[in-house]
Structures are given as structure tokens and as C-alpha cells.
Amino acid sequence: MRILAINDISCVGKCSLTVALPILSACGATVDILPTALLSTHTGGFTGYTFLPLDGEMKKICDHWETLGLKYDLIVSGYLGSRAQIEFVKDVRRRFLKEDGVFVVDPVLGENFKFYSGFDEGFAADMGTLCALADYILPNETEAFFLTGEHDASAALGKLKGLCPHPVITSVEQGGDYFLCYEDGGERRLPLRHLEGNFHGAGDVFASAFAGCIANGMPLERALSLTAELCHRAIERTAREVQDRKYGLNYERELYLLTDTFKNA
Ligand code: PXL
């Protein structure tokens, strides 16, 4: 199976393509990458980072790929640096996704009810138009709010269902309970074990593992529970091993969950 991961390269901070490649590979996929930007670190918590948008290169890369006749079983998109890139990803989907291929969008916008640096409501509205082309979207609670204007998870999920057949809100807190909620013939919920604190890069680990499970044909409920288990173990390990949370999740020693699951696939 061949997957295209569209995301940035943050050289330090374990997110986006630096986690997509190992995680999707652990799921047994051939992973090609379309980098959207090159940064010295991600933008969440570091100051003074470098940022090189790759719009011009993305276009040239895709023009070359067309001469190779490349087509993908699954395309997963993450951090996009500009509204022009959102439009470009729509074009990439049209040109390179197999007819029966799956499009997964992680609408990276923010967390803790704040936009990441450089994003605003207009950008969120454009991201919504990309979500409308997806089979699965993976907003966190903050992103679901930015996409719908709804604070309540069920109300947000209802609106997201109007955009895409299978929205998944990856982290919801309600009265001290944590769960993810998703659409699968009705609203479904999966309880999550919670650890206090902000674990940077968890959304990217989630999106990559989820995309790898779906690419293997796993049913939605099982894909979400395996993904949630991987994330939980990685977060638990990170809480034990890492002082500075902006350096991302220590997920590497948990990848066997994926390699074991997919070794005979
Ligand atoms: O983890 C999401 C993410 C991806 N890429 C970049 C980011 C962030 C979040 O801060 O800054 C560049």
C-alpha cells in the first residue's frame, strides 16, 4: 500500500513528517512525503524558529510525480502553512488519489482554544473547505470549535458531519471526563485515560497511526481504539521520561503495537 503524507518538516520537536514517516512505515506502508514547509522547530512553544514555505517546490515536485504516474491508496494531510497551500492540497488530492483511495485531513489549527502562530478564523474557514473533501477528519476539541463555532462536542460533531462522512474529535473534556467522539452511523464515544499537561505532537502521532490503521482496512472503531492506546502509552512514557514537553512524544518504543498488529497483514 502506498501513502502520501503532506505535512511540514519541523527539524526538532517530533511532529508532522518526522513522526508520520516512522509511524506509517510501522503500519507496513510505503510512505512518500510532500513537505509543505521547513522549520528549525515547530511553532508551539519555541521562539526564534526558522520557517521556509515550500509552495514553489511543492508544485514542481507534483509536476514531476505526474510524469511517474504515481497514485495513492491514502493521502493524509496535516500542517499547512498558508491558504494557498490548502488550495494546492485539494489539487494534489484530485491528481494523485486513487479513485477508491482514502483522504484523511488533520485540520491543524491550534490547541487550548488558541490558534497556532499565523492562523486565524479566515484560515480555519478555508481549512473547512478542505475537510469537505475528506473521508475522515481529525480535529482536536479546539479545532472542532474553530471549524464549527460550537463549544459543545455533540453540536460540533453534528456540524462536522455536514462536512465529511466520518469526523473524529480526538480529545474532548466534559465535567472531568475525557473521550473522543466520532460519527459512525450515529455519534459514538470512546473514553480516554487522561494525563495532566500539554503533550505536544500527540495530535500528529494520532493522525499518523489512525491513517496507517485505516490504510490497512481496519474498521473505524478498532482503528480508533488502537490509535488511542498507542497515544496513551506514548503520553505515559513521555510523562515519565521527558521534562520539556515541547520536544514531543516518546512514542518510539511503543511502535511495536503497530508492527505486531500489522506484521502479517
Ligand atoms: O503538531 C502540530 C504542528 C505541526 N507543524 C508545525 C506546528 C505544529 C504545532 O504547533 O507548529 C510547524
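How do the residues of the shell around the ligand divide into nonpolar, polar and charged, and what is the count of each? In this predicted model, the shell comprises five nonpolar, six polar and two charged residues. In total, 13 residues surround the ligand. The closest of these are Asp8, Thr43, Tyr79, His200 and Asp204. The ligand itself is located in the largest pocket.

Polar contacts to the ligand involve several side chains. For Asp8, a polar side-chain atom is placed 2.6 Å from a nitrogen atom of the ligand. Oxygen atoms of the ligand take part in further contacts: a polar atom in the side chain of His200 lies 3.2 Å from an oxygen atom of the ligand, and an N or O atom in the side chain of Asp204 is found 3.0 Å from an oxygen atom of the ligand. The ligand exposes 310 Å² when taken alone, and 98% of that area is buried by the protein.

Aromatic pairing was examined as a separate feature of the model. A pair of aromatic rings is described by the distance of the centres and the angle of the planes. The count comes to ten aromatic pairs. One of them is formed by Phe119 and Phe123, with a centre-to-centre distance of 4.2 Å and an angle of 5° between the planes. This pair is classed as stacked, because planes under 30 degrees apart count as such. Phe119 and Phe123 are both buried. An edge-to-face arrangement is adopted by Tyr136 and Phe210, the ring centres being 5.4 Å apart and the planes inclined at 75°. The assignment of this pair follows from the angle, because planes over 60 degrees apart count as edge-to-face.

Methods:
Residues numbered from 1 in each chain as written. Predicted model: local features only at pLDDT ≥ 70, side-chain atom pairs only at ≥ 80, totals over all residues. Heavy atoms only, no water. Near = heavy atom within 4 Å. Polar contact = N/O pair within 3.5 Å; in protein donor to acceptor, adjacent residues only side chain to side chain. Areas by Shrake-Rupley, 256 points an atom, 1.4 Å probe, with all protein chains shown as cover. 1 Å grid on protein atoms, 1.4 Å probe; cavity = no way out; pocket = protein on both sides within 12 Å on 5 of 7 lines; lining within 4 Å. Sits in = over half its atoms within 2 Å of the grid points. Nonpolar A, V, L, I, M, F, W, Y, C, P; charged D, E, K, R; others polar. Phe/Tyr/Trp six-rings, centres within 6.5 Å; stacked < 30°, edge-to-face > 60°. Buried < 20%, exposed > 50% of the residue type's maximum accessible area, 1.4 Å probe, protein only.
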